[in-house]
Amino acid sequence: MRRKCNSTQVILLILVAVFTILNPNFLSPFNLYNFLMQNEYRIVMITGLAIIMLGGEIDLSLGYQISLVGILIGKLLTADVPVPICILMGLAAGCCCGLLNGFLIAGLNLSSVIVTLITQKLFQGISYLLSKGMTYSDFPEPIMSISGMKGSTMPAGHIIMILSILFLEGMFCFTILGKNILSMGYDEQVLRQNGIPVGKYKLSAYILGSFFFAVAALLLISRQGLAVSNMGNGLEVDGMFAVCIAGGASLILKNSEVKRRVPISNFYLGILVIAVIENGMQLSGSIQYYQYVITSVVVLYSVCLLYTSDA
């Protein structure tokens with residue numbers, strides 16, 4: 001069989017080349033370091049989304065899960081609750097969001113699109129109820145040092161990002177949980193026919209995914225130095241765009257005839273494409289609206305390429 005070129009890698013390389021030509025500072029050590037710092041939370045976020053998507057499901061509520069966890073941590077921090085307890089409660093809240101989504105989807109056999117659209121508004125409402133429209137800031141140094149904003153030569157955010165990537169690769173390569181989630185995403189009926197408890201693995205995928213969304217929320221408030229109820233607004237779109245660029249559009253349409261396995265690395269490459277466009281347009285001093293146009297064109301091209309290449 002003829003090996004096909006990884007279009008996600010090609011798109012990323014073309015964008016890097018174009019933005020380097022437009023502004024040689026794009027590949028400067030200073031900009032690359034800032035780029036890494038600014039996108040740690042996105043890498044961790046896409047780790048969680050990849051777990052869910054490779055299991056054949058979807059989560060449109062991730063943006064306001066991040067908002068809810070961020071607001072909860074911010075509110076507890078400003079109430080002088082010890083930092084470790086704030087972090088643990090935030091992670092627990094994220095897992096509870098995943099538990100709710102997973103129970104409704106796996107336990108009641110409801111559509112993941114419909115469920116997560118509904119819980120998106122639910123989490124949004126809870127976030128605003130907790131914050132009452134307030135912005136939380138002036139976080140203690142241990143929180144700010146996670147992203148390297150204060151007093152840290154080796155930010156914990158770097159380590160967390162690397163560990164999330166290693167966890168994803170290791171889980172799908174070496175664990176029964178990961179292999180069954182992958183198999184579930186490719187052909188759920190085969191697992192059912194072999195007596196595999198599909199519902200249990202769906203539930204596990206959503207809880208794990210939401211755990212990483214909660215970690216992303218922690219990295220985001222550390223980077224921004226504040227927590228506000230709309231902080232996660234639009235991140236679900238970035239996630240879906242990254243999935244489409246990665247060649248995972250067929251995962252969204254469960255009955256798609258071109259459904260196929262997506263390399264795990266492509267999810268990270270997809271979110272990097274989104275981040276490179278954003279960073280490159282900022283460096284070139286372009287109006288932000290051009291960024292939306294270019295991103296949309298790249299996503300549309302990726303989706304069209306997927307379907308035409310399998311036609």
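What follows is a chat about helix packing, aromatic rings and a few single residues in a predicted model.

Visitor: I'm new to this one, so where do helix α1 and helix α14 sit relative to each other?
Guide: In this predicted model, helix α1, which covers residues 7–22, packs against helix α14, which covers residues 264–283, with the two axes 9 Å apart and at an angle of about 20°.

Visitor: Is that roughly parallel or roughly antiparallel?
Guide: Angles under 35 degrees count as roughly parallel, and α1 and α14 are therefore roughly parallel to each other. Their crossing is left-handed.

Visitor: Which residues make that contact?
Guide: On the α1 side they are T8, Q9, I11, L12, L15, V16 and F19, and on the α14 side they are N266, L269, G270, L272, V273, V276, I277, G280 and M281. Sorted by character, the residues of the contact of α1 with α14 come to eleven nonpolar and five polar, with no charged ones.

Visitor: And what about α3 and α8, how do they cross?
Guide: Helix α3, residues 40–54, and helix α8, residues 156–174, have axes that come within 8 Å and cross at roughly 15°. That angle makes α3 roughly parallel to α8, and the crossing of these two helices is left-handed.

Visitor: Who touches whom there?
Guide: From α3 the contact takes in E40, I43, V44, T47, A50, I51 and L54, while α8 brings G157, H158, I160, M161, S164, I165, F167, L168, M171 and F172.

Visitor: How many of those are nonpolar, polar or charged?
Guide: The residues of the contact of α3 with α8 divide into twelve nonpolar, four polar and one charged.

Visitor: Switching topic, how many aromatic pairs are there?
Guide: The count comes to four aromatic pairs. One of them joins F19 and F26, whose rings are tilted, at 5.9 Å centre to centre and with 35° between the planes. Both F19 and F26 are buried, and F19 also belongs to the α1 side of the contact with α14.

Visitor: What kind of pair do F211 and F212 form?
Guide: F211 and F212 form an edge-to-face pair, with 5.5 Å between the centres and 80° between the planes. Planes over 60 degrees apart count as edge-to-face, so the 80° of this pair puts it in that class.

Visitor: Are F211 and F212 buried or exposed?
Guide: F211 is partly exposed, because its relative accessible area is 29%, whereas F212 counts as buried at 6% relative accessibility. These two also join F167 in one aromatic cluster, and F167 is among the α8 residues in the contact with α3.

Visitor: Now α12, why call it largely enclosed?
Guide: Helix α12 covers residues 235–245, and nine of its eleven residues are buried, so the helix is largely enclosed by the rest of the structure. The buried ones are L235, E236, D238, G239, M240, A242, V243, C244 and I245.

Visitor: What follows α12?
Guide: α12 is followed by G247, which has a positive phi, near 90°. A246 lies in the loop between α12 and α13, the latter being residues 249–252, and A246 counts as buried because its relative accessibility is 3%.

Visitor: What does A246 touch?
Guide: Not counting residues up to four places away in sequence, A246 touches T8, V262, N266 and F267. T8 of α1 and N266 of α14 are also among the residues in the contact between those two helices.

Visitor: Which residues have a positive phi without being a glycine?
Guide: N109 is one of them, with a phi of about 60°, and D138 is another, with a phi of about 55°. N109 is in the loop between α5 and α6, and D138 is in the loop between β1 and α7.

Visitor: Buried or exposed, those two?
Guide: N109 counts as exposed because its relative accessibility is 60%, and D138 is exposed too, with a relative accessible area of 75%.

Visitor: Last one, what surrounds G94?
Guide: G94 is found in helix α5 and counts as buried, because its relative accessibility is 0%. Leaving aside its neighbours within four places in sequence, G94 is in contact with Q65, V69, S210 and A214. The C-alpha atoms of G94 and L68 are separated by 8.2 Å, although these residues are 26 residues apart along the chain.

Note on methods: Residues numbered from 1 in each chain as written. Predicted model: local features only at pLDDT ≥ 70, side-chain atom pairs only at ≥ 80, totals over all residues. Heavy atoms only, no water. Phe/Tyr/Trp six-rings, centres within 6.5 Å; stacked < 30°, edge-to-face > 60°. Buried < 20%, exposed > 50% of the residue type's maximum accessible area, 1.4 Å probe, protein only. Axes fitted to C-alpha atoms, helices over the stretch in contact; angles between N-to-C directions. Helix = DSSP H or I, 4+ residues; strand = E, 2+ residues; numbered from the N terminus. Parallel < 35°, antiparallel > 145°, perpendicular 65-115°, else oblique. Left-handed = near helix turned anticlockwise from the far one by under 90°. Contact = heavy atoms within 4.5 Å. Nonpolar A, V, L, I, M, F, W, Y, C, P; charged D, E, K, R; others polar.
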